[in-house]
Amino acid sequence: MRIKKQKLALLMAGILLMTSPVSVMADREDAKLEKPYVSLGADLNTQERAEVLKLLGVTEEELKQYTVATITNQDEHDYLDSYLSKSVIGTRALSSVLVKGKTDGSGIQVTTHNITYCTTGMYQNALATAGIEDAEIVVAGPFNISGTAALVGAIKSYENMTGEKVEQENVDTATNELVVTGQLAESVGDSEKAEQLVGAVKEEVVEGENLSKEEIGEVVDQAAQEMEVKLSDEDRQAIIELMEKIKGLDLNLDSLKQQAKDLYDKIDKLNLDINPEKVQGFFSKIIAFFKNLFS
């Protein structure tokens, strides 16, 4: 089952909360534990803005001391049009994000308010893919919204905080990951299983480094079988295509698991019996078949 259009329209309403450039770029070590960085949806009215700031724990007076950026609906379309129809993305940028640097080794901590679609695990996993490290992130909507749009806002706030540019390829892949995980959650009816399945497959793909498309498909099948998740052909293909992108990002597995620790702790407890060493690609199977036949 695909994401409902109305839900997605709100879902996307904030994803680009930060495409607008911010003039202040801080050194990571100086800025990490200083003031938070905030991105606000450009289409929040006065009442909605007040509600969002309340949920973020920031007053208008305090906001003057923060580095603030605004994300427009056009920004949302720039990032999301590759994955969702224009009608689904909608016409208002609403969701907002606060990012605060934490000490090294803290990982990514996510809290949400009025976010009904994206789970904290989905955010952690996607942000780790983008290369975000050691940050406290709060995502809020003025009322119930899906929250997918907040991802890019978080990434852009992180860039402004650290002065470090997140590669466009990572941003694109992380956005793709959040959308695919959300669609999978709708299909299987279980957000936790969806985020854990994507996280488990990503772990094996990153560890396996150069798995072929066929081998990635087998990892997906192994994970789905272990977790008792029935994948549609469409969902299976979407995960494989996502993992091919992830394979090309040169992610560090230890860092990935540290940053999305909450999610990977849950995955470890599942004791899934999947790993790249078990994977045997399509052509390898053919060779093995003939070897067995002749022997």
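**Stop 1: the largest pocket**

Start with the largest pocket of this predicted model, which has a volume of about 270 Å³. Select Ala128, Ala130, Gly131, Ile132 and Glu133: of the 16 residues in the lining, these are the closest to the pocket's centre. Now colour helix H7 (120-130) and helix H13 (253-259), since each of them supplies at least two residues of that lining. Which element gives the largest share of the lining? That would be H13, with three residues. If you colour the lining by class, expect seven nonpolar, five polar and four charged residues.

**Stop 2: the second largest pocket**

Next, go to the second largest pocket, with a volume of about 170 Å³. To bring up its lining, select Val205, Val206, Glu209, Asn210, Ile246, Lys247, Asp250, Leu251, Asn252 and Leu253. Helix H10 (191-208) and helix H12 (233-247) are the elements that give two or more residues to this lining. By class, the lining of this second pocket splits into five nonpolar, two polar and three charged residues.

**Stop 3: Lys247**

Stay here and click on Lys247, one of the residues lining the second largest pocket. Lys247 belongs to helix H12. Is Lys247 buried, partly exposed or exposed? Its relative accessibility is 31%, so lysine 247 counts as partly exposed.

Show its surroundings. Not counting residues up to four places away in sequence, Lys247 touches Val205, Glu209, Asn210 and Leu211. Zoom in on Leu211: its backbone oxygen lies 2.9 Å from a polar atom of the Lys247 side chain. Then draw a distance between the C-alpha atoms of Lys247 and Val206; you should read 6.1 Å, although the two residues are 41 residues apart along the chain.

**Stop 4: helix H14**

Select residues 261-269, which make up helix H14, and show side chains for its buried residues Leu263, Tyr264 and Ile267. Why do these buried residues line one face of the helix? Look down the axis of H14: the buried residues fall within an arc of 90°, so they sit along one face. The spacing fits a general rule. An α-helix has 3.6 residues a turn, so residues three or four places apart point the same way.

What do the buried residues of H14 pack against? Turn on H7, H10 and H13, and you have their partners. You have already met H7 and H13 in the lining of the largest pocket, and H10 in the lining of the second largest. Before leaving, step just past the end of H14 to Asn271, where phi is positive, at about 50°.

**Stop 5: helix H3**

Now jump to residues 46-56, helix H3, where Glu48, Val52, Leu53 and Leu56 are buried. Sight down the axis of H3 again: the buried residues fall within an arc of 130°, so they line one face of this helix. Flip to the face turned away from the buried side and you'll find the exposed residues Thr46, Gln47 and Lys54.

To see what the buried residues of H3 pack against, show strand S1 (37-41), helix H4 (60-63), strand S3 (96-101) and strand S5 (135-145). Both ends of H3 deserve a click. At the N-terminal end, Asn45 caps the helix, with a side-chain oxygen 3.1 Å from the backbone nitrogen of Gln47. H3 is followed by Gly57, whose phi is positive, near 75°.

**Stop 6: Thr111 and Glu159**

Two single residues come next. Thr111 lies in strand S4 (residues 108-115), and it is partly exposed, with a relative accessible area of 38%. Leaving aside neighbours within four places in sequence, Thr111 is in contact with Ile137, Val138 and Val139. For a link back to H3, draw the C-alpha distance from Thr111 to Leu56: 9.7 Å, with their positions 55 residues apart along the chain.

Then select Glu159, in helix H8 (residues 150-162). At 7% relative accessibility, Glu159 counts as buried. Where does its side chain find a polar partner? Look at Val166: its backbone nitrogen lies 2.8 Å from a polar atom of the Glu159 side chain.

**Last stop: zoom out**

Go back to the cartoon of the whole chain, with 15 helices and five strands. Of its 295 residues, 53% are buried. Among contacts between residues at least 6 apart in sequence, 83% join residues at least 24 apart.

Key: Residues are numbered from 1 along each chain as its sequence is written. This is a predicted model: local features need pLDDT of at least 70, side-chain atom pairs count only at pLDDT 80 or more; totals for chains, interfaces and linings use all residues. Side-chain values use heavy atoms; hydrogens and water are left out. On a 1 Å grid over the protein atoms alone, a cavity is a set of points where a 1.4 Å probe fits but cannot get out, and a pocket is an open set with protein on both sides within 12 Å along at least five of seven lines; lining residues have an atom within 4 Å of a point. Grid points are joined across faces, edges and corners, and a volume is the space filled by probe spheres set on the points. Helices (H or I, at least four residues) and strands (E, at least two) are DSSP runs, numbered from the N terminus. Ala, Val, Leu, Ile, Met, Phe, Trp, Tyr, Cys and Pro count as nonpolar, Asp, Glu, Lys and Arg as charged, and the others, Gly among them, as polar. Buried means under 20% relative accessible area, exposed over 50%, partly exposed in between (1.4 Å probe, protein chains only). The arc is that of the directions from the helix axis to the C-beta atoms. Contact means heavy atoms within 4.5 Å. A polar contact is a pair of N or O atoms within 3.5 Å; within protein, one must be able to donate a hydrogen and the other to accept it, and residues adjacent in sequence count only if both atoms are side-chain atoms.
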